[in-house]
Amino acid sequence: MHRRTYALAVATMATATAATATLALPLAPHATAVPSARPTPVTSDFNADGYADLAVGVPDATVNGKAKAGYVHVVWGGAKGLGRHGGIRISQAASEVPGTPEAGDRFGTAVALDDLSGDGVAELIVGAPGEDVTGRGADAGSVTVVGGAKGGPGPGSTALTGPSAKSAYGWSVAAADLTGDGGRDLVIGGRDRVVLTAVVDGGEDVVVTTVLATPMGGRAPLLATGDFTADGTDDLAVAFHTVNAPHTRSHVRLWAWDAAERRMVNTWNADNGAASALAVGDYDGDGLDDLALGECREIADENIDDPCGPESYAKGGGIHILYGGENSFGHRSQTLNQDTVGVYGAAEDGDGFGASLAVLDWNGDGRDDLIAGAPGEAIGTREAAGAATLLLGHVGGIVDRFGEASSVPYHQGRPGVPGAAEASDAFGTAVATGDYDKDGTPDAAVGTPGENTASGGVWIFPKTSVTNSYALTPKKLGLPSPTSALSYGRYLSSH
């Protein structure tokens with residue numbers, strides 16, 4: 001079984017990366033399901049208590065009087081649920097974290113929890129793309145790894161800094177064993193660059209190599225990992241696009257480690273299709289990794305037919321799924337949007353359906369399911385109030401053999417969900433999943449950065465149900481409430 005990472009664009013786009021208890025509504029007009037009761041592997045336990053935790057990046061926060069220095073709030077999981085056992089704020093003001101808070105560092109722009117050391121306790125990986133690096137210039141960027149420990153953070157270290165001014169290292173991050181040696185490797189996205197730092201030769205050597213250097217339109221590259229070559233070792237997926245910089249283009253590319261060359265090599269490409277999110281899962285249950293492209297759309301007309309499936313599915317945001325194969329990746333694909341039978345809502349321009357994605361196997365049937373955020377969704381007359389949708393996997397994938405889907409909606413206009421849908425709440429900007437209470441059924445967390453005049457919040461759905469759902473806001477969590485907006489919930493860690 002591979003650990004997978006899910007990433008969304010950050011900085012100029014909404015980042016990546018869900019929770020609730022017995023479903024109160026049918027999954028679809030004619031579908032039923034029972035939640036699973038099998039344990040979910042814990043890979044995000046930062047405080048060594050045996051429960052999965054959630055990291056919330058807050059790069060807009062003021063720290064020690066420095067505007068947008070940023071911090072990460074790690075919310076503890078526990079038997080009573082996520083956020084009911086406290087948490088911890090981690091910034092460069094902490095003695096364990098290298099550096100000092102500076103205006104515009106944006107520490108927390110990218111966050112991930114992953115057990116890099118293999119000791120059963122997760123490390124916190126944090127991107128700070130606005131970090132100024134001595135001798136390299138302003139906004140060179142950095143990525144910091146903070147050790148997990150019982151009751152609080154362990155020692156931290158700088159994993160990598162950008163080579164020059166405006167490199168913006170730390171716009172996106174991912175971790176996986178890409179070299180096949182049993183250790184976890186780091187992938188770092190910056191401005192116009194993706195870099196791999198890997199420990200090889202049994203831990204005797206560290207290789208830092210550029211995976212890709214090309215114009216990316218001033219956006220963070222999307223990163224995700226999975227075994228796309230079906231050889232037992234994780235590979236890397238990268239998505240990016242440009243608009244008139246100097247040309248309009250968009251790509252999704254796959255990369256695999258070449259041991260002889262000691263670098264990543266390009267193995268597969270899809271051109272002319274841009275995405276806002278990537279998520280890796282086994283959506284059809286065949287044991288092979290598949291890749292979902294969230295809010296997939298054609299950017300440039302290069303006479304390439306339907307890179308994201310039929311163009312009609314792009315309205316309001318389409319999800320395009322490329323399926324794995326023993327001999328070839330992407331031999332089969334599916335596309336759906338909110339006009340697909342069985343999907344909540346209706347496809348409307350600006351919905352952003354699929355702008356965030358997270359993966360879980362909610363009902364334990366061996367097929368992964370998807371949670372898709374739609375932060376631009378109107379709820380009644382409240383524009384951009386936002387929504388999220390659970391999409392269940394079927395034998396043939398997320399769409400069944402009849403071309404239909406099974407879905408469950410989540411938004412603040414639905415009975416049982418706390419709060420009220422308001423314009424610009426942007427519910428669904430980020431989504432994450434994990435078994436935060438360790439009851440055997442995945443929970444869901446939905447970021448709502450526009451809540452309370454952009455103070456923000458994260459909505460928790462135990463067992464991925466509206467029953468007993470609750471909201472975590474900065475005020476409820478006892479976080480500082482500055483006059484400037486925190487946008488809490490815009491950046492969530494994957495599990």
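Me: What percentage of the 495 residues in the protein do buried residues make up?
Reply: The model is predicted. A residue counts as buried when its relative accessible area is under 20%. Of the 495 residues in the protein, the buried share is 60%.

Me: How many helices and how many strands does the protein have?
Reply: Helices and strands are both present in this predicted model. The count is 1 helix and 30 strands.

Me: What share of the exposed area do carbon and sulfur atoms supply?
Reply: The protein exposes about 17600 Å². Of that area, carbon and sulfur atoms supply 48%.

Me: How many salt bridges does a search of the whole structure find?
Reply: Side chains of opposite charge can pair when their charged atoms come close. Here a pair counts if a side-chain nitrogen of Lys or Arg is within 4 Å of a carboxyl oxygen of Asp or Glu. Searching the whole structure on that basis gives a total of 6.

Me: Which residue forms a salt bridge with R106?
Reply: The closest N and O atoms of this pair are 2.4 Å apart. R106 is in the loop between strand 4 (87-90) and strand 5 (110-114), and its partner is in the loop between strand 2 (54-58) and strand 3 (71-75), 46 residues apart. The partner of R106 is D60.

Me: Is D60 buried or exposed?
Reply: Its salt-bridge partner R106 has 19% relative accessibility and therefore counts as buried. For D60 the relative accessibility is 16%. That value is under the 20% limit, so D60 counts as buried.

Me: How far apart are the closest N and O atoms of R332 and D284?
Reply: R332 lies in strand 21 (residues 332-336) and D284 in the loop between strand 18 (277-281) and strand 19 (290-298), so the pair ties together parts that are 48 residues apart in sequence. R332 is partly exposed at 28%, while D284 is buried at 11%. The two residues form a salt bridge, and the N to O distance is 2.9 Å.

Me: Which residue meets the side chain of K463 in a salt bridge?
Reply: K463 lies in the loop between strand 28 (458-461) and strand 29 (470-472), and its partner in the loop between strand 26 (430-434) and strand 27 (443-447), so the pair ties together parts that are 24 residues apart in sequence. K463 is partly exposed at 24% relative accessibility, and the partner is partly exposed at 28%. The N to O distance is 2.4 Å, and the partner is D439.

Me: Which strand gives the most residues to the lining of the second largest cavity?
Reply: This cavity has a volume of about 60 Å³. It is lined by 11 residues, and L222, A239, F240, H241 and A275 lie nearest its centre. Strand 14 (235-242) and strand 17 (273-274) are the elements that give two or more residues to the lining. With 3 residues, the one that gives the most is strand 14.

Me: How many charged residues are in the lining of the second largest cavity?
Reply: The lining holds 7 nonpolar residues and 3 polar ones. The number of charged residues is 1.

Me: What is the volume of the second largest pocket?
Reply: The pocket is lined by 15 residues, and L116, R184, L186, T197 and V199 are the closest to its centre. Strand 8 (156-161), strand 10 (185-190) and strand 11 each give two or more residues to the lining. The lining divides into 7 nonpolar, 4 polar and 4 charged residues. The volume is about 290 Å³.

Me: Which residues form a nonpolar patch on the surface with V199?
Reply: V199 lies in strand 11 (residues 193-200). At 36% relative accessibility V199 is partly exposed, and patch residues need over 30%. The patch has about 240 Å² of accessible area together, and the residues joining V199 are V206 and V208.

Me: Which residue does the cis peptide bond from A245 lead to?
Reply: Omega of this bond is near -10 degrees. The residue sought is found in the loop between strand 14 and strand 15 (249-258). The bond from A245 leads to P246.

Me: Is K166 buried or exposed?
Reply: K166 has a positive phi of about 65 degrees although it is not a glycine. K166 sits in the loop between strand 8 and strand 9 (172-176). Because its relative accessibility is 55%, K166 counts as exposed.

Me: What is the relative accessibility of N272?
Reply: N272 is a residue other than glycine with a positive phi, near 80 degrees. N272 is found in the loop between strand 16 (263-271) and strand 17. N272 counts as buried, with a relative accessibility of 0%.

Definitions and conventions:
Residues numbered from 1 in each chain as written. Predicted model: local features only at pLDDT ≥ 70, side-chain atom pairs only at ≥ 80, totals over all residues. Heavy atoms only, no water. Patch = residues over 30% accessible without salt bridge, like charges linked within 9 Å, V, L, I, M, F, W, Y side chains within 5 Å. Areas by Shrake-Rupley, 256 points an atom, 1.4 Å probe, with all protein chains shown as cover. Helix = DSSP H or I, 4+ residues; strand = E, 2+ residues; numbered from the N terminus. Buried < 20%, exposed > 50% of the residue type's maximum accessible area, 1.4 Å probe, protein only. 1 Å grid on protein atoms, 1.4 Å probe; cavity = no way out; pocket = protein on both sides within 12 Å on 5 of 7 lines; lining within 4 Å. Points joined across faces, edges and corners; volume = space filled by probe spheres on them. Nonpolar A, V, L, I, M, F, W, Y, C, P; charged D, E, K, R; others polar.
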